[in-house]
Amino acid sequence: MRFFIKNYGCQMNSYDSRRMADILISAGHAHACSLLQANLIILNTCSIREKVDGKIFSDIGRLKLLKEKASGNFFIVVVGCMAQSRFSDIVRRTPYVDIILGPQNIHLIAEIVDDIIKNKVLDATISTSEDAESKFRQLPNKFSDRGVSEFLTIQEGCNNFCSYCVVPFTRGREFSRGVLDIVQEVKNLISLGVKEITLLGQNVNSYNGEGRGRRNYSFPDLLFELAHMDGLKRLRYTTSNPRDVDENLARAHKEIEILMPSLHLPVQSGADAILKKMNRKYTRNEYVRCVEMLREYRPDLAFSSDFIVGFPGETDADFQQTLELAESIGYAQAYSFKYSPRSGTPAAQMPNPVPEDIKSERLQILQNLLDDQQLKFNQNFIGQYLNVLFVKEGRHEKQLVGRSEYSQSVSSTAAAASVGDIVNVRITEVASHSLIGVIDQ
Ligand code: SF4
């Protein structure tokens, strides 16, 4: 088969899509460069917001036409979080979908595709039967082409049950992969030319995996374990939970040279009343103290975050507290969203919904503040040098695009450099969400 994977949503889905490609290629299937060249279409779905589900259903609908035109030997596969949270809707609304697999079953993709091709089975709908542990145990140690910067899932699932979130229902309970398993995968990626690895987990810093001598490794333990791996130039991680930040993590940022000084630390709201309703299990002051402690160890640490505005019951005063918190931290970059109810989550039943126009107004005010902060953060680097890993070619001739140590997007017209190089770039200009610079000869 010629397969094409369309990825939606988070970095963890990107990682799963990479692994599915590895499995299918090692099973003899070919990777198609575009959807129209393929006859096995895999949609790796996300289910974070109702709107996303709607978009995916219309994408599936468009595939129906291609399937009818192909009249056989054309298969549609839906995997990922929406396959988990909405599989009975998918079966009912789009019966022409051949395979539906939950995120913990991606390791079965080649086996099931072969069963379908050989008509051993008519279709396959498999959801939570397996957990993350068996998934990672069965993922093959085979890796196809990689870029210079790659994701690596070290922990999956979540035990926190924030009141607005579907992840615990789609990705299951927290599971941390073994240290030796992770080390081996890092070695494989380095052998394929990877220079930078971003460790992934829903709560990556609550990692708690078995390591050498069957000792339990915390997340900072794992970082120190990976700190001196030959060929690994840069290490990053996401997404952290403020509750699991401790001094060992701060020490890691001070002592590990390849650990990049940028940390994504979602806060969601600046009001304790809302944090309580969200079941985030930390207060505003605890969050602020956590940032202060990290800055004591690494003063130049660049923080990014996530915010939800318009959560049920959010008052003007609550929103004001969110603005004040963002001002007090000063983010290098941050993402903000209007609250959107997810059926099946406790928050969807909560009283006092915030009217849509108020949500939009608050979102605009917060985004303006966060954009200002990002601009100010970036303007500090005019005339300074940033250490940039070039990850791809830009749109213009000889232009390269990369990432600084602070996770800023940096472009430069560089005859002397190429993708994969880590170069000191002198910053000459600031664009809305990126930087432009030159490489001094
Ligand atoms: S910590 Fe909360 S928001 Fe994050 S994945 Fe878990 S339940 Fe969802």
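This report describes a barrel, a helix pair and one buried histidine in a predicted model.

Residues are numbered from 1 along each chain as its sequence is written. Because the model is predicted, local features need pLDDT of at least 70 and side-chain atom pairs count only at pLDDT 80 or more, while totals for chains, interfaces and linings use all residues; side-chain values use heavy atoms, without hydrogens and water.

Five strands form a closed barrel in the order β17-β18-β19-β21-β20, with mixed pairing. On average, neighbouring strands of this sheet are turned by 55° against each other, direction ignored. Strands β17 and β18 pair in the antiparallel sense over four bridges (pairing requires at least two DSSP bridges). Phenylalanine 390 has glycine 402 in β18 as its bridge partner.

Helices α8 and α9 cross in the right-handed sense. Their axes, lines fitted to C-alpha atoms over the stretch in contact, with angles from 0 to 180 degrees between N-to-C directions, are 11 Å apart at an angle of about 40°. Val179, Ile182, Val183 and Val186 of α8 meet Leu222, Glu225 and Leu226 of α9 (contact: heavy atoms within 4.5 Å). By class, this contact has six nonpolar, no polar and one charged residues.

| Element | Residues |
|---|---|
| β17 | residues 385-393 |
| β18 | residues 399-403 |
| α8 | residues 179-191 |
| α9 | residues 219-226 |

Helices (H or I) have at least four residues and strands (E) at least two in DSSP runs.

Histidine 29 lies in the loop between α1 (11-26) and β2 (30-31). Histidine 29 is buried, with a relative accessible area of 9% (buried: under 20%, 1.4 Å probe, protein chains only). Its side chain reaches the backbone nitrogen of methionine 1 at 3.2 Å.

Technical notes:
Buried means under 20% relative accessible area, exposed over 50%, partly exposed in between (1.4 Å probe, protein chains only). A polar contact is a pair of N or O atoms within 3.5 Å; within protein, one must be able to donate a hydrogen and the other to accept it, and residues adjacent in sequence count only if both atoms are side-chain atoms. A crossing is left-handed if the near helix is turned anticlockwise from the far one by less than a right angle, and right-handed if clockwise. Ala, Val, Leu, Ile, Met, Phe, Trp, Tyr, Cys and Pro count as nonpolar, Asp, Glu, Lys and Arg as charged, and the others, Gly among them, as polar.
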